[in-house]
Structures are given as structure tokens and as C-alpha cells.
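Let's take a walk through this one and see how its pieces sit together. Keep the structure open next to you as you read.

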Amino acid sequence: MVGFDESLSILENTTRRAILRHLVKEPHYPLQLSELLEISQQAVMKHIKVLEKAGFIEAEIVPSEKGGPPKKMYKVNQSF
């Protein structure tokens, strides 16, 4: 977990706050967040990495329902 000042710096970004707002409601895949926020998947992943490193969110591996490879779904960390 990060300190108070670093947390504020991370949450200062409006895109990161928007990602957290969506993840608080339910877990999402990066593609879903990209479509909801109307930004590229690369931009979503950049922000997800920052949030995950800070301990705000965590990844969960979810098996594909169609027999494909498993995917990472992100959700808010319980301690957040």
C-alpha cells in the first residue's frame, strides 16, 4: 500500500478515478473499461498498472466461457 500523499497523487487523475468508479460497481476487463471510458486499451492498461501497483485494485484470472484462453478481470481491492 502507498502513503497518503502518493495516494492523493494517484487519485488526482480523472481517468483513474473513473476506472475506480466502474470497478467499485463490478469487476471489468480492460476492453470493457476502454469502451466505457472511450479511451484506448493501452491507456486503460497504463492506469490499471498504476492502480494495481498502489494496491487499489487487483487482477483475477477468469476462464473463458467459449473455450479460449483465460482473461484478466480487474476489481477493487477489499482493503481499498
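What follows goes from helix packing to the core, then to the salt bridges and a few single residues.

**Helices and core**

First, a reminder: this is a predicted model. A good place to begin is the pairing of helix H2, residues 14-25, with helix H4, residues 41-54. Their axes are 10 Å apart and the packing angle is about 80°. With that angle falling between 65 and 115 degrees, H2 counts as roughly perpendicular to H4.

Who does the touching here? On the H2 side you'll find Thr15, Arg16, Ile19 and Leu20, and they meet Val44, His47, Val50 and Leu51 of H4. Sorted by class, the contact of H2 with H4 comes out as five nonpolar, two polar and one charged residues.

Leu51 turns up again in the largest nonpolar core, where Leu51, Leu23, Phe56 and Ile57 have the most contacts inside the core. That core has 15 residues. Which elements give two or more residues to it? They are H2, helix H3 (30-37), H4 and strand E2 (71-76). As background, nonpolar side chains in soluble globular proteins tend to be buried together.

**Salt bridges**

How many salt bridges does the structure hold? There are two, and Lys75 takes part in the one with Glu58 as well as in the one with Glu60. Here they are side by side:

| Salt bridge | N to O distance |
|---|---|
| Glu58 with Lys75 | 3.9 Å |
| Glu60 with Lys75 | 3.6 Å |

Take the Glu58 pair to begin with. Glu58 sits in strand E1 (residues 57-62) and Lys75 in strand E2, so this salt bridge ties together parts that are 17 residues apart in sequence. The Glu60 pair also links distant parts of the chain, with Glu60 in strand E1 and Lys75 in strand E2, 15 residues apart. Since they share partners, the salt bridges join Glu58, Glu60 and Lys75 into one network.

Are these residues buried, partly exposed or exposed? Glu58 has a relative accessible area of 28%, so it is partly exposed. Lys75 is partly exposed too, at 27% relative accessibility. Glu60 comes in at 34%, and that makes it partly exposed.

**Around H3**

Now for two residues in or just after helix H3. Ser34 is found in helix H3, and with a relative accessible area of 9% it is buried. Setting aside neighbours within four places in sequence, Ser34 is in contact with Ile39, Ser40, Gln41 and Val44. You may recall Val44 as one of the H4 residues that meet H2.

Glu38 has a backbone worth a look: its phi is positive, about 55°, although Glu38 is not a glycine. Where is it? Glu38 is in the loop between H3 and H4. At 72% relative accessibility, Glu38 counts as exposed.

**The segment before H1**

Over at the start of the chain, Val2 is found in the segment before H1. Val2 is partly exposed, with a relative accessible area of 21%; the cut-off for buried is under 20%. Leaving out residues up to four places away in sequence, Val2 touches Ser7, Ile10, Ala54 and Phe56. Phe56, as noted, is among the residues with the most contacts inside the largest core.

Gly3 is also in the segment before helix H1 (4-11), and at 41% relative accessibility Gly3 is partly exposed. Gly3 and Ala54 are 51 residues apart in sequence, while their C-alpha atoms are 9.1 Å apart in space. By contrast, Val2 and Val62 are 60 residues apart in sequence and 27 Å apart, C-alpha to C-alpha.

**The loop between E1 and E2**

One last stop is Pro70, placed in the loop between E1 and E2. Pro70 is exposed, with a relative accessible area of 53%. Which residues does it contact? Not counting neighbours within four places in sequence, Pro70 is in contact with Ile61, Val62, Pro63 and Ser64. As for Ser9, it lies 61 residues from Pro70 in sequence and 33 Å away in space, C-alpha to C-alpha.

Notes. Residues numbered from 1 in each chain as written. Predicted model: local features only at pLDDT ≥ 70, side-chain atom pairs only at ≥ 80, totals over all residues. Heavy atoms only, no water. Axes fitted to C-alpha atoms, helices over the stretch in contact; angles between N-to-C directions. Helix = DSSP H or I, 4+ residues; strand = E, 2+ residues; numbered from the N terminus. Parallel < 35°, antiparallel > 145°, perpendicular 65-115°, else oblique. Contact = heavy atoms within 4.5 Å. Nonpolar A, V, L, I, M, F, W, Y, C, P; charged D, E, K, R; others polar. Core = buried A, V, L, I, M, F, W, Y, C linked by side-chain atoms within 4.5 Å. Buried < 20%, exposed > 50% of the residue type's maximum accessible area, 1.4 Å probe, protein only. Salt bridge = Lys/Arg side-chain N within 4 Å of Asp/Glu carboxyl O.
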